[in-house]
Amino acid sequence: MTPGAGARLGTVLARLARRPLALFGLIVILIVVLAAIFAPLIAPFPPNEQLFEGLTLEGAPLPPDATFLLGTDLLGRDLFSRLLYGAQTSLIIGVVANGIAVATGAMVGVTAGFFGGIVGAVLMRFTDLMMAFPALLLAIVLAAIFQPSLWIVALVIAMVNWTQIARVTYTETRSLAERDFVEAESAIGAGRARILFRHILPHLVPTIMVWATLGISTTVLLEATLSYLGIGVQPPIPSWGNIIYESQTYFTTAPWLVFFPGVAIILLALGFNLVGDALRDILDPTQKGRY
Amino acid sequence: MTEKSQPADDPVLSVRDLTTEVATPEGRRVVVDRLSFDLAAGETLCIAGESGSGKSMTALSIMRLLPEPMARIASGSIHLAGRDLAALSGREMRRVRGADIAMIFQEPMTSLNPVLSIGHQLTEAIRVHRPMPRGEARALAVKALSAVRIGQPERRLQQYPHELSGGMRQRVMIAMAIAGRPRVLIADEPTTALDVTVQAQILELIRTLQKDFGTAVILITHDMGVVAEMADRVIVMNGGAMVEAGPARQIFHAPAEDYTRMLLAAVPRLGASQTVSDLAPPPASSVPDDTVVKVSDLTVRFDIVGGILRRPVQRVHAVEGISFDVRRGETVALVGESGCGKSTTGKALLNLVPWDGAIVIDGAATAGLGRSAMKPIRRSIQMIFQDPYASLDPRMTVGELVAEPLTIHGLASGSELTDRVAWLFNRVGLSPDQMQRHPHEFSGGQRQRVCIARALSLSPKIIVADESVSALDVSVQARVLALLQELQDELGLSYLFISHDMAVVEQVSHRVAVMYLGQIVEMGSRAQVFGDPRHAYTRRLLEAVLVPDPDRRHGAFPIADSEVPSPIHPVGQAPARLAMTDIGNGHFVAG
């Protein structure tokens, strides 16, 4: 945007780092991102290779030890390596699916809220319709029609998740459009585009940011659910959700197979939530100096 | 009423060294500083001061309603009938509140629960302190409503807060407050949100009730007119501390402290400008093109939709066929009470609401102009809104805000823009160093200066000032008015000054139009309207204005029982248009 945008990002990051909880969230996200990017370098074993020494003589998975840091799964694959590669899937879903959802939702919500009238009514009734549709059912139908794949999962999640953000931005845009300063902008001769982009959208940024970060965690969870139901990311590609799905029946005998991917999902979701909360406060100039 | 100036022998309420602290990010801040006073039975004590003086904090401390733990009573005692309220537990205090001491607030709408009927809330308030069957409480509630002069109390009990006008709601609040027959009633700015005629009625009501029940009243207000009207004794506060205390006459006629003198001097007084005419006459000329704004037959109506088909069922006749003009260098005031259509008129001039009729601004007709066609005309007409905080985008710096009109109209860019903004800041009395700050870092007066700079940036011919000084403290108000005056003298600006405050209007305007229910009922020069008011409504408005002089009290002001007539009519039924007659020298009065 402006030449100062880079510097501003720097100060935002610096202020994030000053809050212990946000810093924790930031570190968790960073670790997951690095793990996903450098998975081929870090992973001790190929994620899909069934290792002979990865199973006991009876064919049971191994608990965590020095070779297999987090143990092995039912087919003798290294769980640590699979989790690292699974981070790629989870992040792609989290960023891409959620990104599409946020962009679509915000666009629909702001358009409906700012222009109102028939356009607004049609858009919002469509949103209501989508909201009323059971998300999981829609996902199942879509997954059944198309061959399940990472990208289909992303698309399904995007189609399900945009409605809430459309609702939220719609109401907020409507209330912003009624604010005195918007009227004051009209009085000095500001055009509709200027009012929308300079005076309404900046006020929506905190809301959108919070929903985007919160959305990442729900998206990762939804992917886990879909994979758990067997209509998400297809084996042998690892995702945190389908690792749990594959291992659920062995929960009592090999609890690490459910425990570690479960913890990974919770931590990543928590990390994004903490950062999202902090961002909302930081991006509000009226809160400046309060922390 | 006789003045009780002697310190009471047996005070009902006795406050000693009350100190209240508020926690801020910078540490503790003392908001009430060792305040001591006594209150005798049947006495009215006014605590006067500007915003931030600690007057409301004093009230909340006495009521023990401070937002704990952010604020707390640090030390001192509050003795009410032998008990120290500051030392009571929360539970004990709840029993004292309402029974021995009660409070009414500024905004009666927010103090009443919108989803419960008046009757429900009133009977609950009674039953909390005196357990009794519902029917009995209801009978008491009817009595309480009659006591505050509300007609048809039985019917009112069925109604909800939104069905009542502001004045009626405040009466209900008073009825609730006195239902428990408290010894002390604290009224925090009870009439600030109300129209002048309603204000006079509420004050009269408080006075009557006080006489009937012998209640001691602490009246907290920023309005020296209200103080003069009501007070037996006055405490003037500033920055949390007591500046001066004494009988009302002494405070008004022989103030001992500079601050009190400054406060009193800043109060606009009705009638003052006729003796001291510091207002330069508008450049009188009969040149036809010196009319900056000409409004003919302006009508603004809003539809209220209802029913399944969302068809208009009723119409708000906000403005109903008004005509006036504003000449160069002239200030024309639109005065009237809330809902009279004065603000809507201002907005219509800037095409911010849809309207019918004809408006010519600096030679250009604006009827039916869209946003982009209207844009060049906005260079001639600008607006300053009532609430300087709400009308500035809180996410932008004030520098960006002042520069924005210039950017939009392509009048300056780069260093020229910066210079121009700096010049504007200096012109309105702000320092250009403050350009990087956000609006919330400024005080109300400074924010209004930012708004003025913004309006001024386009070098308009006329500025619509919509209640632009109403939200400001009197001393700040006086300075902002002086700035507007200065700009007029220097730049030949015209103002359409929209206000409810008769004293301010008299001080600043050359011509005055009085509006009532969407129509102008009287229009003329300042001398004509204020010196020789002809219309009954104008007279009523002028009578209701409180004079900051305890020797010129109103005394009995009739407490009307009627609700205010409304500008809402069924579709197809327009209100009758009033015909204006010229009674000489441009003094128009509605038939």
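**Exercise 1.** In this predicted model, decide whether B:Asn585 counts as buried or exposed.

*Solution.* Start with the place: B:Asn585 is in the loop between β22 (580-582) and β23 (588-590) of chain B. Next, take the neighbour count, which is 9 C-beta neighbours inside 10 Å. A residue is exposed if that count is 12 or fewer, so B:Asn585 counts as exposed. While you are there, look at the backbone: B:Asn585 is not a glycine, yet its phi is positive, at about 55 degrees.

**Exercise 2.** Now try B:Asp297: where is this residue placed, and how does it count by exposure?

*Solution.* Find strand β11 (residues 291-306) of chain B, which holds B:Asp297. Then use the count: B:Asp297 has 13 C-beta neighbours inside 10 Å and therefore counts as partly exposed. Its phi is positive too, about 55 degrees, although B:Asp297 is not a glycine.

**Exercise 3.** Work out how helices α7(B) and α8(B) are oriented to each other.

*Solution.* First, locate helix α7 (residues 166-179) and helix α8 (residues 196-213), both of chain B. They pack at an angle of about 15 degrees, with axes 10 Å apart. Angles under 35 degrees count as roughly parallel, so α7(B) and α8(B) are roughly parallel to each other. The handedness of their crossing is right-handed. Finally, inspect the contact: residues of α7(B) including B:Ile174 and B:Ile178 meet residues of α8(B), among them B:Leu205 and B:Phe213. By class, this contact has eight nonpolar, four polar and one charged residues.

Definitions and conventions. Residues are numbered from 1 along each chain as its sequence is written. Chains are lettered from A and ligands numbered from 1 in the order in which they are written. This is a predicted model: local features need pLDDT of at least 70, side-chain atom pairs count only at pLDDT 80 or more; totals for chains, interfaces and linings use all residues. Axes are lines fitted to C-alpha atoms, for helices over the stretch in contact, and angles run from 0 to 180 degrees between N-to-C directions. Helices (H or I, at least four residues) and strands (E, at least two) are DSSP runs, numbered from the N terminus. Angles under 35 degrees count as roughly parallel, over 145 as roughly antiparallel, 65 to 115 as roughly perpendicular and the rest as oblique. A crossing is left-handed if the near helix is turned anticlockwise from the far one by less than a right angle, and right-handed if clockwise. Two residues are in contact if their C-beta atoms, placed from the backbone, lie within 7 Å. Ala, Val, Leu, Ile, Met, Phe, Trp, Tyr, Cys and Pro count as nonpolar, Asp, Glu, Lys and Arg as charged, and the others, Gly among them, as polar. A residue is buried if 20 or more other C-beta atoms lie within 10 Å of its own, exposed if 12 or fewer, and partly exposed in between; C-beta atoms are placed from the backbone.
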